[in-house]
Structure formats: C-alpha cells, structure tokens
Amino acid sequence: MDKIFMKGCEAMAEAAVRAGCRFFAGYPITPQNEIPEYFSRRLPEVNGIFVQGESEVAAINMVYGAASVGTRSMTSSSSPGIALKSEGISYCAAARIPIVYINVSRGGPGVGSIYPAQMDYFQATKASGNGGFQMRVYAPSSVQEAVDMVYEAFDIADKDRNPVLILADGVIGTMMEPVILPEMKSDEEIASIKEIKKNWACIGHKLDYANRSWIEPGHWKTADMQKTNEEAAELYSSWEKEAVAELYNIDDAEIILTAYGISGRIAKSAVDLLRKDGIMAGLIRPVTLNPFPYEAYNLINYSKVKKILSIEMSIPAQFIKDVEVAIKDRCPISSCLCSGGNIMSRDAIITATHKILEEA
C-alpha cells in the first residue's frame, strides 16, 4: 500500500474510521483538536455520526450510550479534558462497555500548558477513574505506530469488553509523517461486528445483572458487585502475558536507557549516537504501559550493566516507579527529566548518560 503524509491526530482518526468506528463525540482542547475536526468531516462520508458535546463530560456519556448499543465508538481529549471524562470512563469499565479513547497529553498539573508532556502516566496506568478499574494502555512512538494501535484497539476493546486507551502526546499528535493506512472495514464487516454484540447490547431485550450493558447508579446488589469485580480482576491478570516492549541493543549494553512514547523514540536515536562514541548503550521501550512489560527488564545482563537511565517528560518522575519495580534493586537507576512543554532532547540524554557513567 502507498504511504500517505499525515498529521498524527488526523492519521489516528482515519485509522479509527477504517477500524469501523461510526460514532465520535468530543470537545475541543489543544493539542488534539485535529481529531474531532477530522471526524466532523470524515464520519458523514461513511454514514457515521459526529457530535461536539457541550463539554467533555457530555461527550464521554454520549460515547457510553452509543457503545452500549454495539456501535464502535470513541472519544479523545488532552490531559485535563481526560480528567473530566474519568467518571464516564469508569462507568464504561463497570458496565463492560468497549470504547477506545485517545489522550494527546499536554503539560500539567491543572490546566498546565498546551505543549507536549508525559505527565499523565499515573492517570493512565494507575487511576483512570474511581473504583480501581484497569485498561490496556498503549504508547506510540511514531505516527505509524499510533495508527496501528488505534486500528487494533477496537478489536481488543471488543474482545475484553473494556475501555482501551492510546496514550499519545502533543509531539505524536501534531507531527507529520508518512504512514501506511490499514484497510477499510466493509459495511458488511461492521454489521457483523455489531451483530455479535447483540447478546449483551442495550437494544431492548431483558438482561440479567451479569450481562447487562448499563449501570443504574447505587442499584448494584453487593454480591453482584463483588462478582463483577472478581471477573474484572481475572481479566486484568490475563493481560500480563501480552505485555510488549521494544528491546534495542541490550545484549552487550553497559548502560540501559528506558523510556516510552516520544521519549523512547528520542532515546533510541541517542543510543545510536552513544555507540558511535564507544559507549555501549541499549534501550527498553515499553509499548504497552498497562500491562507493563516487567519481564523485559529481566533480560538485562546485570553483571555487565552499570546503570539504568529512566527518561520521561515529567517532573516529578512517574514512569520511573514502574521501572524501579521491574529492576528490583538489581542495578542503580538515574533519571533524565523535563516538563512544562520542554521536549526531551538527544543532547540531554547523552549528557545525562556521560554523567552517570562518570559517577559509576
């Protein structure tokens, strides 16, 4: 297939349309505005529905309703907008409703800045909403990877009957790159996907508590709520074997860089430059943030590696907490950080690498 030069936000939206998404509700916020703008033009072309809600809260509840009847549905926002959607996302998780959403993250806390950042790691992986539910979380490092993740996310959401999050950032969302778009699902394929959901979708027939596709707040029976949470916990545990990480030049590495998303991409180019200077560097880049690829860090040769450098666009550091769990005190860990809209640079990573090697 031919490559097309596209902006990240628009490419992710097109991938969703090609995956069969036929309902989108959202609300403007920088730096993800091109996603709803693209959907507003594109969905009418495929007999889909676009709605700009009066708020982020309204938008996520519209998605909750559309997905409840079996329609592939999604929303998107940036950082504080995702926070406003958190209750609705929690409802979808409780009701076992498959949705896909994208966070093109920006600086924080609070309204923060409109510039790229990676300060939503805890929000994405540890506390996406009340009640302790979990989701699969994917972190692309290129526009192509973002396209592929969005396309696959709808199948994963349907399989799990659970929300799926694509945690992008302002760099991935606004940069332009050549991408190969996936094939468009036919109307027949989309109809077949919706037909399969009829056994649980909210389409007028009577459902029992175990299979119902909506939530009546406060009306759960205690036994039903515990059983539902036990089943959810079993689902979350099943994801562990599907954790994914990119491993780059780790076999002979004396120092391991680890980062996700755009920081992981920048770190990979830093590895190449460091090796040209004779420094044996390697990279572990988590592709799935939940489940976190803890096992990838067991592949490090700790008899050779002198230190781990954890890299992220967040101050204080967040991603490093999972790195620490993965390393299990087998090696010292340092961090290379920036935030507030400052984008991680190769020079900063290379400087930090030289510093910690001198200390080692």
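At 53% relative accessibility, lysine 328 counts as exposed (exposed means over 50% relative accessible area, buried under 20%, and partly exposed in between, with a 1.4 Å probe and protein chains only). This residue lies in the loop between helix H11 (319-327) and strand S14 (333-337), where helices (H or I, at least four residues) and strands (E, at least two) are DSSP runs numbered from the N terminus. Its phi is near 55 degrees, a positive value in a residue other than glycine.

The model is predicted: local features need pLDDT of at least 70, side-chain atom pairs count only at pLDDT 80 or more, and totals for chains, interfaces and linings use all residues. Residues are numbered from 1 along each chain as its sequence is written, and side-chain values use heavy atoms, with hydrogens and water left out.

**Backbone features**

Asparagine 47 also has a positive phi, of about 60 degrees, although it is not a glycine. Asparagine 47 is found in the loop between H2 and strand S3 (49-52), and is exposed, with a relative accessible area of 72%. Two cis peptide bonds may be added to this account. One joins threonine 30 and proline 31, with omega of about 10 degrees; proline 31 sits in the loop between strand S2 (23-26) and helix H2 (34-42). In the other, asparagine 290 is followed by proline 291, with omega near 5 degrees, and proline 291 belongs to the loop between strand S12 (288-290) and strand S13 (307-312). Most residues other than glycine have a negative phi, and most peptide bonds are trans.

**Overall form**

The chain has 12 helices and 14 strands. Its radius of gyration is 21 Å, close to the 21 Å that the globule rule gives for 360 residues, so the chain is as compact as a globular protein of that length (the radius is taken over C-alpha atoms, and the rule is 2.2 Å times the number of residues to the power 0.38). The C-alpha trace spans about 70 × 50 × 40 Å along its principal axes, and 56% of the 360 residues count as buried.

**Salt bridges**

The structure holds 21 salt bridges, each defined as a side-chain nitrogen of Lys or Arg within 4 Å of a carboxyl oxygen of Asp or Glu. Three of them are listed here.

| Pair | Closest N to O distance |
|---|---|
| Glutamate 14 and arginine 18 | 2.7 Å |
| Aspartate 155 and arginine 72 | 2.7 Å |
| Arginine 136 and glutamate 242 | 2.9 Å |

Glutamate 14 and arginine 18 both lie in helix H1 (residues 8-18), 4 residues apart, about one turn of the helix. Both residues are buried, and they belong to a network of salt bridges that links Glu14, Arg18, Arg42 and Glu45.

The side chains of aspartate 155 and arginine 72 also meet in a salt bridge. Aspartate 155 lies in helix H6 (residues 143-160) and arginine 72 in the loop between helix H3 (56-68) and strand S4 (73-77), so the pair ties together parts that are 83 residues apart in sequence. Aspartate 155 is partly exposed, at 37% relative accessibility, whereas arginine 72 is buried, at 6%.

Arginine 136 and glutamate 242 likewise form a salt bridge. This pair links distant parts of the chain, 106 residues apart: arginine 136 is in strand S6 (residues 136-138), and glutamate 242 is in the loop between helix H9 (222-238) and strand S9 (245-248). Arginine 136 counts as buried at 3% relative accessibility, while glutamate 242 is partly exposed at 33%.
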